[in-house]
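Welcome, and thanks for taking a look at this one with us. Please open the chain in your viewer and follow along, section by section.

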Amino acid sequence: MRRLNRKKTLSLVKELDAFPKVPDSYVETSASGGTVSLIAFTTMALLTIMEFSVYQDTWMKYEYEVDKDFSSKLRINIDITVAMKCQYIGADVLDLAETMVASADGLVYEPAIFDLSPQQKEWQRMLQLIQSRLQEEHSLQDVIFKSAFKSTSTALPPREDDSSQPPDACRIRGHLYVNKVAGNFHITVGKAIPHPRGHAHLAALVNHDSYNFSHRIDHLSFGELVPGIINPLDGTEKIAFDHNQMFQYFITIVPTKLHTYKISADTHQFSVTERERVINHAAGSHGVSGIFMKYDLSSLMVTVTEEHMPFWQFFVRLCGIVGGIFSTTGMLHGIGKFIVEIIYCRFRLGAYKPVNSVPFEDGHTDNHLPLLENNTH
């Protein structure tokens with residue numbers, strides 16, 4: 001009884017077979033079919049390799065939402081070299097209300113040489129080249145995000161030469177924590193002196209002829225410091241051609257959460273507009289000589305996530321490649337074979353056209369070839 005049920009089950013399963021098998025004796029092979037099969041298999045192999053490379057690749061997904069974090073502090077990472085001695089300049093941050101001066105205790109003033117060594121010049125040239133390419137091809141920013149923490153450091157390398165030249169510049173580096181409101185980070189003549197109505201810089205004791213706000217921004221970023229990320233002002237160098245020159249940078253900061261397969265960090269992207277002018281009160285150009293970076297925070301926050309193609313999607317695409325090529329090549333081969341057979345049949349029919357015809361007296365023609373007669377002598 002069990003054997004009978006098993007046979008019924010097997011017969012039912014055989015009836016549901018959607019892939020019937022054809023005996024080998026009924027299968028006919030041809031040279032054209034073999035050629036098409038080779039082309040199909042080669043195409044499938046190439047497309048499978050290309051699809052696998054796409055499966056291995058990742059891309060960055062951008063999502064936007066309102067930034068609701070107003071209580072936290074904003075970190076400013078600074079590494080700027082100014083062509084003046086450290087005792088002549090001061091750096092601080094003033095927020096939008098102009099009543100609270102951020103402490104500049106986190107900044108270090110180091111005597112330095114403004115001119116770069118050959119190795120440092122090569123570093124700066126490569127950084128400026130990357131900046132120009134980033135402005136032309138914005139998709140390179142995704143590559144930088146994915147390579148964060150994997151690439152080499154973008155910091156200024158130390159001098160490789162033992163220069164005996166006395167320091168003629170001041171390198172200001174470090175970080176500050178400020179409120180998440182619009183503010184102004186500036187470097188100008190004299191040390192900052194806070195007072196109840198704001199702040200001032202003690203510039204009376206500095207000779208006017210020593211003013212030189214030529215500067216180089218080796219690094220400027222906001223938020224968590226992420227090695228490998230290149231910011232818009234990194235590698236910027238400005239030369240002052242007048243003692244009373246003002247350099248202004250108008251910065252718009254966008255809070256950014258970066259999530260990749262390597263890191264997860266809260267950082268900030270920013271865009272910048274540059275302006276420089278000579279202070280001339282007689283010509284109506286008022287202001288103070290120095291370097292001013294006015295920043296403002298965007299109300300939107302960007303979440304950048306590295307994504308990968310799921311395996312099921314890769315498998316579906318792979319099945320589509322294999323099935324599509326098999327179906328397409330089979331149809332093309334059938335159409336080509338049909339056209340060749342039509343042309344061949346027409347050619348064969350043309351070979352049996354009658355040579356001549358013999359007319360009868362009633363108007364009909366005889367299309368039969370004349371019989372060969374034996375000549376008798």
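Leaving aside its neighbours within four places in sequence, which residues is Gln120 in contact with? Keep in mind as you look that this is a predicted model.

## Gln120 and its partners

Once neighbours within four places in sequence are set aside, Gln120 is in contact with Leu156, Pro157, Pro158 and Arg159. Gln120 itself belongs to helix α3. Its relative accessibility is 5%, and because buried means under 20%, Gln120 counts as buried.

## Helix α3, end to end and around

Helix α3 covers residues 118–136, which is 19 residues. At 1.5 Å a residue these should span 27 Å, and the end C-alpha atoms are indeed 27 Å apart, so expectation and model agree.

Gln120 has company: the buried residues of α3 are Gln120, Trp123, Gln124, Leu127, Gln131 and Leu134. Viewed down the axis of α3, these buried residues fall within an arc of 95°, so they line one face of the helix. There is a general reason for such spacing: an α-helix has 3.6 residues a turn, so residues three or four places apart point the same way. Pro118 and Glu136, on the other side of α3, are exposed.

## A nonpolar patch

Now move along to helix α5, which takes in residues 311–350. Ile342 lies in this helix, and with a relative accessibility of 37% it counts as partly exposed, because that category runs between 20% and 50%. Ile342 is also one of the residues that make a nonpolar surface patch of about 490 Å². Its fellow members are Ile335, Phe338, Ile339 and Ile343.

## His243 in its loop

Next, find the loop between β11 (236–238) and β12 (245–259), where His243 lies. Is His243 buried or partly exposed? At 33% relative accessibility, His243 counts as partly exposed.

How far from His208 is His243? The two are 35 residues apart in sequence, yet their C-alpha atoms are 7.4 Å apart in space. His208 is also among the contacts of His243 beyond four places in sequence, together with Asp209, Tyr211 and Ser289.

## The chain as a whole

Stepping back, the protein chain has five helices and 17 strands. Of its 377 residues, 33% are buried. Among contacts between residues at least 6 apart in sequence, 81% join residues at least 24 apart.

As for the surface, the protein chain exposes about 25000 Å², and 60% of that area is supplied by carbon and sulfur atoms.

Note on methods. Residues numbered from 1 in each chain as written. Predicted model: local features only at pLDDT ≥ 70, side-chain atom pairs only at ≥ 80, totals over all residues. Heavy atoms only, no water. Helix = DSSP H or I, 4+ residues; strand = E, 2+ residues; numbered from the N terminus. Expected span 1.5 Å × (residues − 1). Buried < 20%, exposed > 50% of the residue type's maximum accessible area, 1.4 Å probe, protein only. Arc of directions from axis to C-beta. Patch = residues over 30% accessible without salt bridge, like charges linked within 9 Å, V, L, I, M, F, W, Y side chains within 5 Å. Areas by Shrake-Rupley, 256 points an atom, 1.4 Å probe, with all protein chains shown as cover. Salt bridge = Lys/Arg side-chain N within 4 Å of Asp/Glu carboxyl O. Contact = heavy atoms within 4.5 Å.
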